[in-house]
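The following exercises concern salt bridges and a sheet in one protein model. Work through each task before reading its solution.

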Amino acid sequence: MKPEQKTADVSFESLLRIFTVPEGPDSTLTKIDEELSRNLNKFLREHIVAEEKPLRDIEKDFSRAAIPEQPEFVSDHTQHLLDTLVSHSVHTSAPSFIGHMTSALPYFLMPLSKIMIALNQNLVKIETSKAFTPLERQVLGMLHRLIYGQNDSFYAQWMHSANHSLGAFCSGGTIANITALWVARNNALKANGTFKGVEKEGLFKAMKHYGYEGLAVLVSERGHYSLKKAADVLGIGQEGLVAVKTDNNNRICPQALQQRISELKAQNIKPFAVIGVAGTTETGSIDPLKEIAHICQQEDCHFHVDAAWGGATLMSNNHRHLLDGVELADSVTIDAHKQLYIPMGAGMVLFKQPDAMKSIEHHAQYILRKGSKDLGSHTLEGSRSGMAMLVYAAMHIISRPGYELLIDQSIEKARYFAELVKQQADFELVSEPELCLLTYRYLPPHVKAALEHSKGKQTEQLNELLNELTKFIQKRQRETGKSFVSRTRLNPQRWGNLNTIVFRVVLANPLTGTDILSSVLEEQREIATQAPKLMSKIDALSAEIVAQSE
């Protein structure tokens with residue numbers, strides 16, 4: 001029988017209590033705070049369960065659409081959250097959670113985040129953020145210097161200039177990329193003669209004035225999905241996002257880029273921006289940034305680098321050469337919630353020129369006045385939290401050499417895992433790691449031999465069966481809860497550019513040891529035996545192909 005739940009009263013006095021600091025060490029809020037803060041790792045181990053609960057069952061706990069008429073005690077509701085939410089959340093900091101770009105966080109961010117939440121600053125303007133505004137401007141300056149390496153006098157002049165901004169802090173890479181392309185579009189369709197600019201008169205009149213049949217942004221086939229959103233929002237349409245073919249290493253082909261630009265111009269379509277990717281989502285590949293920059297200079301295109309993932313590599317003097325050419329970009333996206341190890345919701349876009357963002361400047365009499373140092377005049381988002389404080393703290397506490405160690409160990413770990421995969425007779429490395437991301441799949445020797453002898457339809461059939469096996473292994477591994485890798489779809493030239501589903505591993509978590517990597521492969525090997533029907537089909541087709549080739 002369920003115990004009778006205590007009920008709280010709705011009164012102004014009880015509401016006041018939840019808006020003020022707990023009165024003493026014995027108060028309920030103090031005890032809850034201490035219990036949750038004392039040992040976070042122990043708390044996570046005890047409250048995040050390994051076994052997968054079906055989403056449809058979890059939905060039952062969140063099925064009421066009515067706002068409660070009766071308030072709950074904080075202690076009761078906290079227990080409710082532990083039972084229904086925390087216990088079925090993803091343990092992203094676990095050493096064996098190597099499938100996505102979310103990693104363990106430095107422990108010091110937990111108490112510091114309390115300061116950020118308690119202060120509840122709104123970075124849209126000085127009046128609601130005060131010291132947080134110069135702090136955010138400094139963080140943008142520090143990242144700008146990491147990318148562009150300007151001297152002290154440059155930052156003394158521009159970092160805190162009321163009429164300029166070196167970039168924008170935002171919720172993530174999507175908004176950062178949209179902001180960069182928004183600036184590029186407005187600069188490409190700026191005021192000219194009697195035309196007041198696209199931001200005033202709109203896209204239709206802008207195209208009519210300049211005589212363009214369309215606008216285009218070019219990016220590799222491995223460009224992030226957020227770019228389609230940007231094309232949609234900016235009015236150029238998803239067809240205006242033009243994919244450029246990639247080479248065997250998943251990097252954009254400069255010759256193909258140049259050819260696509262020429263084709264677009266011949267159709268009177270204005271290619272106003274080119275995006276180079278520094279750390280693709282699927283494989284962590286880095287485009288040839290210097291070559292792209294040269295083409296953009298020749299063609300008068302805005303050069304944006306999406307370094308949401310790979311940008312932090314600049315912290316490492318041992319590996320920053322991998323991003324050579326990023327300093328030539330007009331704008332760069334970096335996500336602090338990836339390899340700068342900050343909680344989710346911390347993205348940035350940096351602009352080479354301090355006046356670049358003037359093309360998207362907005363003012364309002366009641367909030368964003370001309371001449372003020374309000375950051376909201378140059379951001380797509382209005383109200384924003386003080387997440388910059390956590391980036392500021394991390395860069396001071398960890399420091400650049402500390403980040404260098406984190407970056408270096410992640411890249412070394414990925415190289416170690418790549419070699420480990422190659423040593424296995426029944427696994428195939430699909431993409432070599434440039435950063436700390438790699439892809440591979442389960443491929444027994446006899447099946448590999450059959451693939452090498454197969455042709456046409458047989459190759460497609462066998463590849464499709466292997467895709468089903470990869471999906472089965474990845475899903476079962478996730479459901480078992482011991483470890484997690486993600487999956488994606490690539491087109492390896494080795495197998496005729498067929499759609500190939502592969503395991504995708506991200507090794508950014510410093511807590512992930514090499515012993516875990518061996519166990520991940522062993523577990524995948526074991527799971528493959530749990531699909532006897534599928535394996536029988538693969539074996540039968542493999543035997544048939546080999547027999548025909550003899």
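**Exercise 1: a pair within a helix**

Glu-412 is partly exposed, at 44% relative accessibility (partly exposed lies between buried, under 20% relative accessible area, and exposed, over 50%, with a 1.4 Å probe and protein chains only). The model is predicted, so local features need pLDDT (the predictor's confidence in each residue, from 0 to 100) of at least 70, side-chain atom pairs count only at pLDDT 80 or more, and totals for chains, interfaces and linings use all residues. Residues are numbered from 1 along each chain as its sequence is written, and side-chain values use heavy atoms, leaving out hydrogens and water.

Task: identify which residue meets Glu-412 in a salt bridge.

Solution.
1. A salt bridge requires a side-chain nitrogen of Lys or Arg within 4 Å of a carboxyl oxygen of Asp or Glu.
2. Arg-415 satisfies this with Glu-412, at 3.2 Å from N to O.
3. Both belong to helix H15 (residues 399–423), 3 residues or about one turn apart.
4. Arg-415 is partly exposed too, at 38%.

**Exercise 2: a pair between strands**

Task: determine whether Glu-428 and Arg-441 are buried or exposed, and where they lie.

Solution.
1. Their closest N and O atoms are 2.9 Å apart, forming a salt bridge.
2. Glu-428 is in strand E8 and Arg-441 in strand E9, 13 residues apart.
3. Both residues are buried.
4. Shared partners join Glu-428, Arg-441, Glu-452 and Arg-494 into one network of salt bridges.

Key
Helix = DSSP H or I, 4+ residues; strand = E, 2+ residues; numbered from the N terminus.
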